[in-house]
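Biologist: Please show me the protein and let me ask why each term is used for it.

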Amino acid sequence: MAERDKFGERIKPRIYVGSKIVAYLFLASSVILIVQAVLSLLSVYGIIYFMPFSEYLSGPSYIVEAFEGFFLMTVITSLAYAAIGIICFVGLLREQEWAAGISLILMGLVAFTMVMHLVINAGLFGSVNLVLEITVFGIALLSSAYIAKNFKRFD
């Protein structure tokens, strides 16, 4: 048991290497999510050719608007997950309990979102985006497994 001050905080917290690795994995997944969101946004609006959207954006206007709205929501969700991931990165470096709890919820949401993207249509997102999503999904599984296994250590 670690020594505590009068407010209940650990005086000299012991930070484990695994916690640092998981924290940096959160930072890496946040960066990947930001890159994916920016690339998706630029690709949908035709600024860069990253994903095969031209055949989807040549239909009736209501289909195009629905398609752009879907990707705008995907971009907003990815950026929100990335922001929460950066907050968890800071908390996990200090082995805070709130960061462990939030990170488990966040990684579950990220994993669910990535699986839903793959179920909807993997070809729709392009090969580079598919690799990014599989990478973030793998990070989510590894991070969640480590935090769930060592949850009692976070306080």
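Modeller: What follows is a set of questions about terms, each answered with a value and a cut-off.

Modeller: This is a predicted model, in which local features need pLDDT of at least 70, side-chain atom pairs count only at pLDDT 80 or more, and totals for chains, interfaces and linings use all residues. Residues are numbered from 1 along each chain as its sequence is written, and side-chain values use heavy atoms, with hydrogens and water left out.

Biologist: What makes up the secondary structure of the protein?

Modeller: The protein has four helices and zero strands, and from the N terminus on the order is α-α-α-α. Helices (H or I, at least four residues) and strands (E, at least two) are DSSP runs, numbered from the N terminus.

Biologist: Why is S43 called buried or exposed?

Modeller: Buried means under 20% relative accessible area, exposed means over 50%, and partly exposed is in between (1.4 Å probe, protein chains only). S43, in helix α1, has a relative accessible area of 4%, so S43 is buried. Across the protein, 36% of the 155 residues count as buried. The C-alpha atoms of S43 and F71 are 9.9 Å apart, with their positions 28 residues apart along the chain.

Biologist: How do you know which class I21 belongs to?

Modeller: I21 lies in helix α1. Its relative accessible area is 48%, so I21 is partly exposed. From I21 to L92 the C-alpha distance is 9.5 Å, and the two are 71 residues apart in sequence.

Biologist: And why does L130 get its class?

Modeller: L130 is in helix α4 (residues 126-149). The value for L130 is 24%, so L130 counts as partly exposed.

Biologist: Why are α1 and α2 called roughly parallel or roughly antiparallel?

Modeller: Two packed helices are described by the angle between their axes and the distance between the axes. The axes of α1 and α2 come within 8 Å and cross at roughly 160°. Angles under 35 degrees count as roughly parallel, over 145 as roughly antiparallel, 65 to 115 as roughly perpendicular and the rest as oblique. Therefore α1 and α2 are roughly antiparallel.

Biologist: What makes a group of residues a patch?

Modeller: Patch residues have over 30% relative accessible area and no salt bridge; like charges are joined within 9 Å, and nonpolar side chains (Val, Leu, Ile, Met, Phe, Trp, Tyr) within 5 Å. A salt bridge is a side-chain nitrogen of Lys or Arg within 4 Å of a carboxyl oxygen of Asp or Glu. Here L41, Y45, I47, I48, L72, M73 and I76 form a nonpolar surface patch, with about 640 Å² of accessible area together. Helix α2 (residues 61-93) gives the largest share, three residues. L41 lies in helix α1 (residues 17-44), and at 33% relative accessibility L41 counts as partly exposed.

Conventions. Accessible areas come from the Shrake-Rupley method with a 1.4 Å probe; for residues, only the protein chains shown count as cover. Axes are lines fitted to C-alpha atoms, for helices over the stretch in contact, and angles run from 0 to 180 degrees between N-to-C directions.
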